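Open your viewer and keep the selection box at hand. We will walk through this structure one stop at a time, saying what to pick and what you will find there.

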Amino acid sequence: MADVIEQAEVLVSSPSRNYVTLRIVTRDGIVGLGDATVNGRELAVASYLRDHVAPLLIGRDPGLIEDTWQYLYRGAYWRRGPIGMAAIGAVDVALWDVLGKRTGQPLYALFGGRVRDRLATYRHAQGWDIAALLEQVDAHRAAGFDNIRVQAGVPGLDIVYGIGNGSVYEPAGRAAPVEETWDTEAYLRHMPGVLAAVREHVGDGVGLLHDVHHRLTPIQAARLGKAVEEFGLFWLEDVTAAEDQEALRLVRQHTTTPLAIGEVFNTVWDCQQLITQRLIDYIRTAVVHAGGISHIRKIFALAEIFGVQAAPHGPSDVSPVSMAASIHLGVATHNVAIQEYMGYPDLVHQAFPHSWHVEEGHLQPGDEPGLGVSLNDDLHSPDDYEPAYLPVVRRRDGTLTDW
Ligand code: KDG
Ligand code: MG
């Protein structure tokens with residue numbers, strides 16, 4: 001007899017930073033976990049899950065993963081967007097977790113088995129000045145990592161994306177959004193020199209990545225791409241605003257610097273043109289924000305056909321549950337090139353004990369059935385949650401622009 005879903009519980013918690021986690025329990029006592037965290041909008045997705053999705057799950061067969069995805073996606077009518085897709089994604093990942101535990105298999109085995117021994121990853125290095133940045137680059141190199149994202153301060157700006165004070169950069173401020181100031185010309189004048197200095201310091205053979213965080217117009221992005229070509233970057237990320245797929249065509253016409261985009265995309269339709277017209281090199285969708293394992297596999301499959309590689313988003317707001325799903329996919333999916341791993345505060349690792357781990361500068365999923373992640377309930381108290389907001393950013397004349 002088929003198993004049925006008996007409970008679907010939504011936990012909003014803050015083991016040092018906010019997470020939304022779905023826990024499904026079946027009649028046979030199998031527990032499945034899903035991540036539904038949307039940084040800065042946690043309660044919206046929690047309500048979507050609690051009020052609109054969880055009641056529909058009770059009594060369903062947890063083995064009907066694709067049908068449940070279609071039911072929640074098509075059945076909503078008002079579909080797509082980060083809130084709905086994160087909610088559907090959490091259900092999908094939890095159901096895959098149940099399937100893995102029911103069959104006693106780690107998820108990568110259910111995805112067709114390993115296509116690689118280990119999954120490449122990149123870490124973040126940041127510094128207000130080049131000396132501080134190089135210190136972090138060296139620390140990652142010493143720990144065995146070959147690919148490093150580099151972010152640096154910009155002269156004249158007090159707050160810059162990617163540069164924080166703690167060991168793990170957290171952009172979301174409690175209580176109210178931080179207001180940042182942005183100066184494109186200052187950034188464009190400064191950044192090529194930073195990337196030149198890092199390349200000179202590390203020599204060849206180290207992958208260098210840089211995240212522009214949607215700040216440039218297409219022609220500015222083209223200028224940056226050309227200016228840094230000689231430093232052989234692994235990629236430039238999110239050079240333009242994510243809504244305008246056509247913008248990347250202009251950038252591409254001017255530069256051979258590889259382009260990556262997609263962490264804010266929620267469905268295959270957000271990147272269909274980018275992939276099928278080969279306007280990017282790397283698609284960066286995350287399991288949590290792109291409808292879970294079932295949907296992201298379709299995105300990656302489309303990308304494979306068009307020679308685009310996948311490189312999933314992995315900041316600390318993607319919880320260790322989604323990170324697990326991404327690592328299982330990463331070792332089993334041919335065109336996954338690299339997985340971002342920003343790292344987590346210690347308390348987050350304790351709140352989500354996980355079998356995935358770093359080994360010799362690479363990621364490994366572990367061999368526990370399903371995702372290989374559990375919850376330490378003591379660290380998921382709803383009382384710890386506090387609203388948190390991502391920053392907003394204005395140009396020097398006060399115009400609001402993309403953070
Ligand atoms: O919540 C926002 C973060 O997920 C984002 O700023 C991180 O751009 C990011 C990255 O590439 O990790
Ligand atoms: Mg990014």
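Welcome to a predicted model. The tour starts with enclosed space: the count comes to one cavity of 30 Å³ or more. Its volume is about 80 Å³. To find the cavity, select Gln151, Val160, Tyr161, Tyr187 and Asp211, which lie nearest its centre among the 13 residues of the lining. Now colour strand S5 (147–152), helix H6 (184–202) and strand S8 (207–211), the elements that give two or more residues to that lining. If you colour the lining by class, expect eight nonpolar, three polar and two charged residues.

**Next stop: the largest pocket**

Select Asn39, His213, Val264, Leu390 and Trp403. Of the 37 residues lining the largest pocket, these are the closest to its centre, and the volume of this pocket is about 1,000 Å³. Then add strand S17 (392–395) and strand S18 (400–401), each of which supplies at least two residues of the lining. What does the lining of the largest pocket look like by class? It has 18 nonpolar, nine polar and 10 charged residues.

**Three helices to compare by eye**

Pick residues 42–57 to bring up helix H1, and turn it until you can look along Arg50: a kink of about 35° is centred there. Show side chains for Glu42, Val45, Ala46, Leu49, Val53, Ala54 and Leu57, the buried residues of H1. Which elements cover them? The cover includes strand S1 (5–13), strand S2 (19–26), helix H2 (65–76), helix H3 (82–103) and strand S16 (388–389). Before leaving, step just past the end of H1 to Gly59, which takes a positive phi of about 95°.

Move on to helix H10, residues 292–305. Its 14 residues reach 21 Å from first C-alpha to last, close to the 20 Å expected at 1.5 Å a residue. Buried here are Gly292, Ile293, Ser294, His295, Ile296, Ile299, Phe300, Leu302 and Ala303. Just after H10 comes Gly307, with a positive phi of about 70°.

Now select 320–332 for helix H11. This helix has 13 residues and reaches 18 Å from its first C-alpha to its last, close to the 18 Å expected at 1.5 Å a residue. Why is H11 described as largely enclosed by the rest of the structure? Because 13 of its 13 residues are buried, with buried meaning under 20% relative accessible area.

**Last stop: two single residues**

Select Val373, in the loop between strand S15 (362–364) and S16. Is Val373 buried or exposed? Its relative accessible area is 6%, so Val373 is buried. Leaving aside its neighbours within four places in sequence, show its contacts: Leu33, Lys101, Pro320, Val321, Ala324, Phe352, Pro353, His354 and Trp356. Put a distance label between the C-alpha atoms of Val373 and His354, and you should read 4.3 Å, for residues 19 apart along the chain.

Finish at Gly75, which lies in helix H2. With a relative accessible area of 59%, Gly75 is exposed. One more distance label closes the tour: from the C-alpha of Gly75 to that of Ile163 is 42 Å, and these two residues are 88 apart along the chain.

Terms used
Residues are numbered from 1 along each chain as its sequence is written. Chains are lettered from A and ligands numbered from 1 in the order in which they are written. Side-chain values use heavy atoms; hydrogens and water are left out. On a 1 Å grid over the protein atoms alone, a cavity is a set of points where a 1.4 Å probe fits but cannot get out, and a pocket is an open set with protein on both sides within 12 Å along at least five of seven lines; lining residues have an atom within 4 Å of a point. Grid points are joined across faces, edges and corners, and a volume is the space filled by probe spheres set on the points. Helices (H or I, at least four residues) and strands (E, at least two) are DSSP runs, numbered from the N terminus. Ala, Val, Leu, Ile, Met, Phe, Trp, Tyr, Cys and Pro count as nonpolar, Asp, Glu, Lys and Arg as charged, and the others, Gly among them, as polar. The bend at a residue is the angle between axes fitted to the seven residues ending there and the seven starting there. Buried means under 20% relative accessible area, exposed over 50%, partly exposed in between (1.4 Å probe, protein chains only). Contact means heavy atoms within 4.5 Å. The expected span of a helix is 1.5 Å times one less than its number of residues.
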